[in-house]
Amino acid sequence: MPDWVKDFNNIVIEEKDPDDVKVLKKFLQGDVEYRRLRMQFLPYLVDGPYAVKLIAPERKELIGRATLMPPFTWYTENESTDEFGHKRCAVIEASVDVTTSYLSRTATNILRSYLGSLSLDVAFVIDQPELQKEFEPSCVIGLCQLNHIDVTKCAVLPMNDDTAMRHATKFASQLKL
C-alpha cells in the first residue's frame, strides 16, 4: 500500500490528488459491492501450447470482470507495530473461492494440464462499472506474470456442490475435525 494508507477508516480524498490516486482512495473506502463492481482482471497469454492459443483472445481484452467472477472476501489490516517494535504496513487482500462458480471450475480444470507450459501476464485494474454511463477514471493497482505453474500436487476442482461437500467432509474426517 502507498505510505499514505495508515488506517482504512480515515482515508481522505484531497482535491490535489491525481485522478488515479482518487480512484484508489475511493476503492479503499468503498464497501464490498463497490469494490466488486470495479475490480477487473486483464489476462494476456504470452506463451503456451497451440491448443490454448486457439481459445485465448487474440488481443489484450477484458475477460475477468469481477462481476462475472465468484464473490470476493476482502480483508484489511491497518498500519501497526508488532511486539518487537517493527512497523507493519497497511494491507488489503482479496480472497476468491473459484469452486463456487461453474464457469471458473470448468475453465480451471480444462487449463490445469496446460499450466506447466503457460506464461500469462495479468493486470489488476480498478475501472468504472460495466453499465455505468458517466465516466470514471481508472487505475492499475498491480501486475503479475505467471510462468510455468506446477500444479501436479493440486486437487482437481469439484464440478458441483455435492462433490465439493463430499471432498470437504472426507478432508475433515482425515484431519479428525
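This tour proceeds from the whole chain to selected strands, residues and the nonpolar core of a predicted model.

**The whole chain**

Begin with the entire chain displayed as a cartoon. The secondary structure consists of 5 helices and 8 strands. Followed along the sequence, these elements appear in the pattern α-α-β-α-β-β-β-β-β-α-β-β-α. Switching to a surface representation shows an accessible area of about 12400 Å², 56% of which belongs to carbon and sulfur atoms. Of the 177 residues, 26% count as buried. If a contact map is at hand, consider the contacts between residues at least 6 apart in sequence: 60% of them join residues at least 24 apart.

**Strands β1, β7 and β8**

Next, select residues 39-47, which form strand β1, together with residues 119-126, which form strand β7. These two strands run antiparallel and are joined by 8 bridges. One of the bridge pairs to display is D47 with S119 of β7.

Add residues 139-147, strand β8, to the selection. The pairing of β7 with β8 is also antiparallel, and it extends over 8 bridges. Here V125 may be picked out, whose bridge partner in β8 is V140. As a guide to viewing side chains, in a regular strand they alternate between the two faces of the sheet.

**S119**

Centre the view on S119, in strand β7. Is this residue buried or exposed? S119 has a relative accessibility of 5%, and therefore counts as buried. Its surroundings can be displayed by selecting Y44, L45, V46, D47, Q145, L146 and N147, which S119 touches when residues up to four places away in sequence are left out. Within this group, show the side chain of N147: a polar contact of 2.5 Å joins it to the side chain of S119.

**Q40**

Return to strand β1 and select Q40. With a relative accessible area of 4%, Q40 is buried, as the cut-off for that class is under 20%. Which side chain does the side chain of Q40 contact? Display D127: the two side chains make a polar contact at 3.4 Å.

**Cysteines C139 and C144**

Now select C139 and C144. C139 counts as buried because its relative accessibility is 9%. C144, at 31% relative accessibility, is classed as partly exposed. A disulfide is a covalent bond between the sulfur atoms of two cysteines. How many disulfides does a search of the whole structure find? The search returns 0.

**R88**

Move to residues 87-88, strand β5, and centre on R88. R88 is partly exposed, its relative accessible area being 45%. Select E79, S80 and D82 as well, since these are the residues R88 touches beyond four places in sequence. A distance label may then be drawn from the C-alpha atom of R88 to that of K6; the separation is 9.8 Å, although the two residues are 82 apart along the chain.

**The largest nonpolar core**

Finish with the largest nonpolar core, a set of 14 residues. Which of its residues touch the most other members? Select F8, L28 and M39, which hold that position. The elements contributing two or more residues to this core are α1 (19-29), β1 and β3 (72-77). Of these, colour α1 first: it gives the most to the core, with 4 residues.

Conventions
Residues are numbered from 1 along each chain as its sequence is written. This is a predicted model: local features need pLDDT of at least 70, side-chain atom pairs count only at pLDDT 80 or more; totals for chains, interfaces and linings use all residues. Side-chain values use heavy atoms; hydrogens and water are left out. Buried means under 20% relative accessible area, exposed over 50%, partly exposed in between (1.4 Å probe, protein chains only). A polar contact is a pair of N or O atoms within 3.5 Å; within protein, one must be able to donate a hydrogen and the other to accept it, and residues adjacent in sequence count only if both atoms are side-chain atoms. Contact means heavy atoms within 4.5 Å. Two strands pair if DSSP finds at least two bridges between them. A disulfide is a pair of cysteine sulfur atoms within 2.5 Å. Accessible areas come from the Shrake-Rupley method with a 1.4 Å probe; for residues, only the protein chains shown count as cover. A nonpolar core is a set of buried Ala, Val, Leu, Ile, Met, Phe, Trp, Tyr and Cys residues joined through side-chain atoms within 4.5 Å.
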